[in-house]
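Q: Could you take a close look at one part for me, namely the sheet and helix arrangement? I am new to this, so please go step by step.

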Amino acid sequence: MQYEKLKPFPKNFLWGASTSAYQVEGAWDADGKGKSVIDMMDHPEGTAGFTVASDHYHRYKEDIRLFHELGLKAYRFSIAWTRIFPDGAGEVNEKGLALYEKLIDELLHYGIEPIVTLYHFDLPYALEEKGGWGNRETIDAFIKYACVLFDRLGKKVSYWLTINEQNTLILHPGAVGIPKGGKLPSKKDLYQQNHHMLVAQGKVMALCHEMCPHAQIGPALNMTSMYQATSKPEDAIAAHNWETIRGWSFLDLAIHGRYNRLLWSYLENRNWQPMVEEGDLVAIQKGNPDFIAINYYSTATIAESTGDASDVSPRAGDQQIMLGEPGVYRAEENPYVDKTKYGWVIDPVGLRLTLRKVYERYNLPIIITENGIGAPDELNEDGTIHDDYRIDFIKSHLEQIQWALTDGVEVLGYCPWAAIDVVSTHQGYGKRYGFIYVNRGELDILDLKRIRKDSFFWYKRVIESNGVDGLFHNY
Ligand code: BGP
């Protein structure tokens, strides 16, 4: 659809940026912090681990000053569960909680809205040892943890996110990593974990509404659109299969509290369906999210499955690189789009499409909580970092958001990944995403100095002008 004029970004649009605790904080065992599954993970040889990360734990004041200079209206970050409950449950670690109290105060001092993720991949290892999300006790631990946060931070936080990318955790657990010597869980186990997370999420959302009536809460999923490879009807069925299994089924549960029928048939047919206890679905239904947060990076192109092992691509998959599944779909190349150095499809129009589809299906406002391009940015001798590819990437995605706004989609905010350089989930420090460069090498920590990239100055202009300057022909 074309329009004569695009709608402007809303006046109170949340221009933001994102990070997550384990990727930015460092100080992995400071002030009583317990170990998380991330701390116990194997890292690819020669890549940075998460022990120091970007040292935000010690430098958050300096970082927030820079976020203010950048003009951020919102900062999306996560709380490390193991700082609050080192063993996942038990006694509150006051020193850990103090960090987030101070960090939130600092943000509010500069007028930056905190958007807080309760759980971003870093499950306490003590809970993992007892079966992790496969054990229903983790549901209670999550509720207790959330209750402490709502009680102690609730007055100051207006936007909460429950679980970051539950669909990545379930569909691509290898991308997030597994503890040393561990094995990937079976699909049956994963869908049981998924069910428990949904019950926990439903209960936590209801608790938030009860304890923090002024606040809003929603799930944060990795959403995308699937293109059918050709006009062959069977390709369309395959694209629909995968779009449902990868995206809709998660949102249908989080928003409507019901198992998508296509997903349930797929699970039943393979004997992967979870055990659902009495009251579970009611608990999920009572969650009633206020908005949907989506992380968007790429789209995928899908063809009919041939039904045998040749459906599965031999390359390494991750949260964005689809691999194929016999009897469900086969991943194909899309000749109309480029890819990043890491093989992720660059598809800004796919963001408009995804926003339209999500909004049409659920009619809830949307916050984009991740979107960005990873690259090995280079620090020049004169102290500059020319990341024009990042400007192009974010600019083209913002333009498509404006198209989506004009299509009638309610988009509350945009928080690209990442506010500052962080350790990549599975590819170390060389794959950078931030507007702010952190002077460290893959293994060499260096001085961790913060340096503004070209994208910093560009994004600042965009924010200052509420999306008028820096986009389209203006740039
Ligand atoms: C998302 C995760 C983020 C972040 C991002 C970039 O799936 O929610 O934590 O890591 O992907 O991915 P990567 O770091 O693998 O490049």
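A: Helices (H or I, at least four residues) and strands (E, at least two) are DSSP runs, numbered from the N terminus. This is a predicted model, where local features need pLDDT of at least 70, side-chain atom pairs count only at pLDDT 80 or more, and totals for chains, interfaces and linings use all residues. Residues are numbered from 1 along each chain as its sequence is written, and side-chain values use heavy atoms, leaving out hydrogens and water.

Let's start with the sheet. Its 8 strands close into a barrel, and their pairing (at least two DSSP bridges between two strands) is parallel. Going round, you meet β1, β2, β3, β4, β5, β7, β12 and β13, in that order. On average, neighbouring strands of this sheet are turned by 30° against each other, with direction ignored.

Now zoom in on one pair. Strand β1 covers residues 14–18 and strand β2 covers residues 74–78. These two pair in the parallel sense over 3 bridges. To find one of the partners, look at Ala 17: its bridge partner in β2 is Tyr 75.

Next come two helices. Helix α4, residues 94–109, lies across β2 and β3 (113–119), in contact (heavy atoms within 4.5 Å). Its direction is at about 170° to β2; angles run from 0 to 180 degrees between N-to-C directions of axes fitted to C-alpha atoms, for helices over the stretch in contact. Helix α6, residues 137–153, lies across β3, β4 (159–164) and β5 (216–222). With respect to β3, helix α6 runs at about 160°. So you can find β3 under both helices, α4 and α6.
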